[in-house]
Amino acid sequence: MMATPIWRRFSSAIVRKRWRWLAVALVLLLALLALDRLFPLPAPGRDSPYALVVLARDGTPLRAFPDNQHVWRHAVALQQVSPLYLEALVAYEDRAFWWHPGVNPLALLRAGWQWAVNGKIVSGGSTITMQVARLIEPVPRTVAGKLRQIIRALQIECHYSKAEILNLYLNYAPMGGVLEGVEAASRAYLGKPSVRLTHAEAALLTVLPQMPSLLRPDRYPQRAQSARDKVLRRMSGRWPDAAIADALTEPVIAQTLREPLLAPLLAERLKRGAAGKAKIDTTIDAGAQATVEALLADRARTLPPRVSLAAMVLDNASMEVLAYAGSADFSDDDRFSHVDMVRAARSPGSTLKPFLYAFALDEGMIHSESLLSDTPQSFSGYQPGNFQQSFHGPVSVSEALVKSLNVPAVEVLEQLGPTRFVAMLRRGGLALEFPRGGTPNLSVILGGAGATLEDMVGAYAAFARKGLAAVPRFTPDAPKREQRMMSEGAAFIVRDILETGGPIGRAVEGQGGYRGIAWKTGTSFGFRDAWAVGVGNRYTVGVWVGRPDGTPNPGFFGANVAAPLLADIFTALPGGRAASPNPAPDSVTQEKICWPLGTRAAGTDPALCPIQRTAWTLAGAAPPTFADRLQAGTPTLTYFVDHASGLRVMPDCTAEPFAQRQTARWPASLEPWLDAGLRKNVTPPPWTPRCAQAYRPAASIKIVGLNDGEVLRRATNGAVPRARLDIRGSREDINWMVNGRLLSHQAKAGEQFVEFPAPGRYDISAFDSHGRYDRISVRVD
């Protein structure tokens, strides 16, 4: 039997050793994997799950929410940091960072030798990876702690790329006080994002983590400058000598460390839905936000205690919210600073009126100069009054909207229907809130429901966006949700009325107090809420003033406290007051219309068109005036006149040739409000002598039984005052009205009893079938 060659025995031994080494390596690898599983890396920031920063659109911190150790940290990525800082950090802290496995043996040996020779630590020998290990898992500064740190560093290198490790350092490095990370330090100390650091500033923030408490630039600027200069000199050969020399002459000046606090209530709102996030990007413009907050705080100083303010600014093109102030001053607890009045449902007063007229335009019910009655009226028992406690008689839609008259608005709402009106608002994105069990009624147009400032601003934007309302967007990734609130033509007409007064107002130089803004105010019942909402070409702005607890503020109404602030905000915004003529869309035309009929002047008999007005009409519609609520009949009156004399006759009392004439009837509620000249032009001429005996009534009628201006007093036994009235000068049918409500219709003149059940003013009117009238006002104490 031949012996095995020695080379084969040697080769077998090598193979056996290799297998043993592979086995050992495999065992070690499995052991390391097992240890990695048993002792996993702590998650970065595990001790601060609620650390969060809310940022403006340009990255400016609005508000920082610290972790449970009150640490401020602003999340930042490598590409968002200045390359100067990254160069200085790697060159000064860890030159071998990009190639070592987490530990630099040479640096550790040097640190150990220096410690043995000097008896103290001269240099730590820690790499950036080792520092990250200590940041995510603090260990004691002992030999055992250092060994644990080294193991964690090796473990980190296995789990993270170099870029990810560097990014962890950028976000968690201690920077003094409650600051962590380069972005937080740059914002807090230098007032700028870390992407804009200069050479000197990059060197300063590089050295801070070495001794963050002792090198704070806001407290120890000289100490910080000395450490910074050491870094700058270390950068020789990497940075231009001229840049280093210039940086060495730059003093260290840091602003006082303070918490960022812009749009604090919006930040709180967004934080509630941001679990696990390190930052929230918003649409807020930091400059606009600071301006609005300053204006509100300044205005609050002139208001009584406990009164707050809220405002919101919306970009019309993107529907992004540029400014959001939920309270007057977040630091003033006496003014309910933590109550967000942008989201609170409050009575909007008259701010819903523009939507009512826009909907009525779209329904073909009105045009901009439709005749409405601003007189005391009763609508199924509901008797609205005006804010000024006075009435204007015949008014147009434009006048009613500009003057914010209540009775005409209720008249239009009665025609449209309150339930339908509320449904149309909801369809456009403005959902009103009613009391429990409440349903839409005529009071809704005067503030009989609740709305939020946020929803109101989003809805008002429709007047600047061709009828499209939208949900305000607070974050860049929020979807753009639009709804059709009204047609483009209706939006144009209402906006033009609010801004210029309509076609007539456009023709008057200087008409309108806030040119460039279409605005509307509102005041809730009892002076609890004062509103102003306006639109311009670029922005929609809403303002609310009041007490969040609902306490009345007598004398506070939209026009005197909210509207001036609205104008100030528009003026302060870039391009906010830019007035540019907005062309009318194709669906809108200017036409001459007639009063009192409301129809086009073109083709109408001049006798039926005593007053012409220039109106905006929509889709070619010129609807007639609403039917008379108090007196049935046709809108015209037919009568006869003698050919020769022009006096009035009837066929059965004249043998002379006569002609038939027509005149337009005015609504019965408006007849007492017509001036004498107009009444003369629109009423038939006097009777001829032959017909006078049979048909001519007395020249006027008079209410007797009470005098105009008389004051009645209730009896001590509580009996309701009662008066007996009569008419002198007419034997015709008589209509009696009290506070705009038809009390009775008498077939012929006779006595009428009127009761006064409650204290207050009572307007009593009487008119006959010939249009003659008398009116008195009495007061009951």
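Buried here means under 20% relative accessible area, and that cut-off is what picks out Ala224, Ala227, Arg228, Asp229, Val231 and Leu232 as the buried residues of helix 9. Keep in mind that this is a predicted model.

**Figure 1. The whole chain, to get your bearings.** Before zooming in, here's the overall picture: the chain has 781 residues, and 51% of them count as buried. Its secondary structure comes to 22 helices and 27 strands. If you take the contacts between residues at least 6 apart in sequence, 67% of them join residues at least 24 apart. The accessible surface adds up to about 36,600 Å², with 55% of that belonging to carbon and sulfur atoms.

**Figure 2. Helix 9 and the helices it packs against.** Helix 9 covers residues 221–234. Its 14 residues should span 20 Å at 1.5 Å a residue, and the end C-alpha atoms do sit 20 Å apart, so the two values agree. The buried residues of this helix pack against helix 2 (83–93), helix 8 (199–207) and helix 10 (241–248). Arg228 and Asp229 are both on the buried list, along with Val231.

**Figure 3. Met485 in the largest nonpolar core.** This core has 87 residues, and Phe355, Phe421, Leu430 and Met485 are the ones that touch the most other members. A second, separate core of 51 residues includes Ile128, Tyr169, Leu170 and Val231. Back at Met485, and skipping residues up to four places away in sequence, the residues touched include Phe355, Phe359, Met424, Leu425 and Leu430. Arg427, Gly428 and Gly429 are also among the contacts of Met485, as are Ala459, Ala462, Gly467 and Ala469.

**Figure 4. An aromatic cluster of Phe355, Tyr460 and Phe463.** These three residues form one aromatic cluster. The model has ten aromatic pairs by the rule used here. Tyr460 and Phe463 make one that is edge-to-face, with 5.5 Å centre to centre and 65 degrees between the planes. Both Tyr460 and Phe463 are buried.

**Figure 5. Glu454, a buried glutamate in helix 17.** You'll find Glu454 in helix 17, which runs over residues 453–460. Is Glu454 buried or exposed? Its relative accessibility is 10%, so Glu454 counts as buried. Leaving out neighbours within four places in sequence, Glu454 is in contact with Arg269 and Arg343, and also with Met312, Val342, Pro472 and Phe474.

**Figure 6. Strand 22 and its two pairing partners.** Strand 22 (residues 722–728) has two faces: Ala723, Leu725 and Ile727 make up the covered one, while Arg722, Arg724, Asp726 and Arg728 make up the uncovered one. Strand 20 (residues 702–704) pairs with strand 22 in the antiparallel sense over three bridges, and there Ile703 has Ile727 as its bridge partner. Strand 25 (residues 752–755) also pairs with strand 22 in the antiparallel sense, over four bridges. In that pairing, look for Arg722 bridged to Glu755.

**Figure 7. Pro685 in a loop between two helices.** Pro685 is found in the loop between helix 21 (676–682) and helix 22 (689–695). With a relative accessible area of 23%, Pro685 is partly exposed. Which residues does Pro685 touch, not counting those up to four places away in sequence? They are Tyr639, Val641, Gly646, Leu647 and Arg648. Pro685 and Gly646 are 39 residues apart in sequence, yet 7.6 Å apart in space, C-alpha to C-alpha.

Terms used
Residues numbered from 1 in each chain as written. Predicted model: local features only at pLDDT ≥ 70, side-chain atom pairs only at ≥ 80, totals over all residues. Heavy atoms only, no water. Core = buried A, V, L, I, M, F, W, Y, C linked by side-chain atoms within 4.5 Å. Buried < 20%, exposed > 50% of the residue type's maximum accessible area, 1.4 Å probe, protein only. Contact = heavy atoms within 4.5 Å. Areas by Shrake-Rupley, 256 points an atom, 1.4 Å probe, with all protein chains shown as cover. Pairing = 2+ DSSP bridges. Expected span 1.5 Å × (residues − 1). Phe/Tyr/Trp six-rings, centres within 6.5 Å; stacked < 30°, edge-to-face > 60°.
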